[in-house]
Amino acid sequence: MESELTVPPIFSPIPPAIHPRHADIDVQTAAWAETYRIGSEALRAKLVVQDIGTFSARILPEGREEVVSLLADFVLWLLGVDDGHCEEGELGHRPGDLAGLRHRLIRVAQNPEAPMMQDDPLAAGLRDLRMRVDRYGTAGQTARWVDALREYFFSVVWEAAHRRAGTVPDLNDYTLLRLYGATSVVLPLLEMGYGYELQPHERDRTAVRAAAEMASFVITWDNDIFSHHKERRAPGHYLNALRVLERQGMSTEQALTTAIAQRDRVMCLYMRLCGQLSEQGSPQLRRYLRSLSSFIRGAQDWGISSVRYTTPDDPANLKPVFSDTPTDDRHEPLDIPAVAWWWDLVPGAVPLVHGRHAARAA
């Protein structure tokens, strides 16, 4: 019997927040999953009790309720696709067939009127999501949402190739796989939630893109830390930041300590960069940065509380509190070539406390 891995309180300088209608949104999302028959009955029964509506309500705590509900349904749909086809389904071991399915779903997202996959529940759910994205977003936001969905699907096929071969990527490739994962498809909805559109000259700035990538890194590393207990006990192949680090020769405890230090260093850099961008940016950019921070903290609160990760039948040792102190706040790039350039964007002399204050006040 392997020893229990204790996850210490994770550093989080971002205050929690939640939409006042979170309980109703949870109920609505459960009903949406039943209406569109997302996943098998067994999978759906698991998803509807995982507080996905509450997760969405934490990401957009002051957002339009219709978009909070849209985001919740979309997250549930993503989990239905990921859990149903990849983690628990045969397609997760057949990257070619999985790529074909994902391309057909992309066509549905691009052109929901296309007469294809008309008896497929996931396609029906995606059509509904696309119509609501059109309703609450701009044409540009819809296009970015479809593009992000395509990127996410590519990362899932890449993961399936590793699953089929029984291989674990190196740290650089794994980082890329996660950066192009499910976090990126949420970003257009951050703008929709507050009824604005970030202008290209700001959104496409290298530093703003880096802030979004840093947020994704922290969210995905946190997810890997919180979900490690569940994934390690599940049958079959799994990919996780801790497993990647273990393949480098670390023990599980060393991998956990290293993963926490990595996400802490990126979190500190993110806070510094947000402070810098907030001083220069438009009100829309400051709103976007606050939403990125809410996304980070919302994922953290969901990760330590949802039965998806706490697994009541086989409890994970997750602390229901957070730390005010990072384990690593050095201003030195991580040894990950794909993201090492982030550190070039922020002067090393900027103190964390200033970055933290500026990001909160933005």
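Which residue follows helix 9, and what is its phi? Keep that in mind as we look around this predicted model, one close-up at a time.

**Close-up 1. Helix 9 and the glycine after it.** Gly-195 comes right after helix 9, and its phi is positive, near 70°. As for the helix, eight of its eight residues are buried, so helix 9 is largely enclosed by the rest of the structure. If you'd like to find them one by one, the buried residues of helix 9 are Leu-187, Pro-188, Leu-189, Leu-190, Glu-191, Met-192, Gly-193 and Tyr-194.

**Close-up 2. Leu-187 and its contacts.** Let's stay in helix 9, where Leu-187 lies. Its relative accessible area is 16%, and buried means under 20%, so Leu-187 counts as buried. Which residues does Leu-187 touch, once we leave aside its neighbours within four places in sequence? They are Ala-212, Tyr-288 and Leu-292. For a sense of scale, try Met-267: it sits 80 residues from Leu-187 along the chain, and the C-alpha atoms of the two are separated by 18 Å.

**Close-up 3. The second largest pocket.** Here's some empty space to explore: the second largest pocket, with a volume of about 600 Å³. It is lined by 21 residues, and those closest to its centre are Glu-151, Ser-184, Leu-187, Arg-209 and Ala-212. So which helices help build the lining, with at least two residues each? Look for helix 7 (139–165), helix 8 (171–179), helix 9 (187–194) and helix 11 (206–233). Helix 11 gives the largest share, five residues. Sorted by chemistry, the lining of this pocket has eleven nonpolar, two polar and eight charged residues.

**Close-up 4. Helix 7 against helix 8.** Now zoom in on two of those helices. Two packed helices are described by the angle between their axes and the distance between the axes. For helix 7 and helix 8 the angle is about 140°, and the axes are 8 Å apart. The pair is therefore oblique. Helix 7 brings Ser-155, Trp-158 and Glu-159 to the contact, while helix 8 brings Asp-173, Leu-176 and Leu-177. That gives three nonpolar residues, one polar and two charged in the contact of helix 7 with helix 8.

**Close-up 5. Two loop residues with positive phi.** Gly-195 has a positive phi, but a residue doesn't have to be a glycine for that, as Asp-51 shows with a phi near 60°. You'll find Asp-51 in the loop between helix 2 (41–47) and helix 3 (52–59). Then there's Met-117, also not a glycine, with a positive phi of about 55°. Met-117 is in the loop between helix 5 (95–110) and helix 6 (121–136). Buried or partly exposed: how does each one count? Asp-51 is partly exposed at 30% relative accessibility, whereas Met-117 is buried, with a relative accessible area of 18%.

**Close-up 6. Glu-246 in helix 12.** Last stop: Glu-246, which has its place in helix 12 (residues 241–246). Glu-246 has a relative accessible area of 17%, so it counts as buried. What is it in contact with, apart from neighbours within four places in sequence? Glu-246 meets His-228, Arg-232, Ser-251, Thr-252 and Ala-255.

Technical notes:
Residues are numbered from 1 along each chain as its sequence is written. This is a predicted model: local features need pLDDT of at least 70, side-chain atom pairs count only at pLDDT 80 or more; totals for chains, interfaces and linings use all residues. Side-chain values use heavy atoms; hydrogens and water are left out. On a 1 Å grid over the protein atoms alone, a cavity is a set of points where a 1.4 Å probe fits but cannot get out, and a pocket is an open set with protein on both sides within 12 Å along at least five of seven lines; lining residues have an atom within 4 Å of a point. Grid points are joined across faces, edges and corners, and a volume is the space filled by probe spheres set on the points. Helices (H or I, at least four residues) and strands (E, at least two) are DSSP runs, numbered from the N terminus. Ala, Val, Leu, Ile, Met, Phe, Trp, Tyr, Cys and Pro count as nonpolar, Asp, Glu, Lys and Arg as charged, and the others, Gly among them, as polar. Axes are lines fitted to C-alpha atoms, for helices over the stretch in contact, and angles run from 0 to 180 degrees between N-to-C directions. Angles under 35 degrees count as roughly parallel, over 145 as roughly antiparallel, 65 to 115 as roughly perpendicular and the rest as oblique. Contact means heavy atoms within 4.5 Å. Buried means under 20% relative accessible area, exposed over 50%, partly exposed in between (1.4 Å probe, protein chains only).
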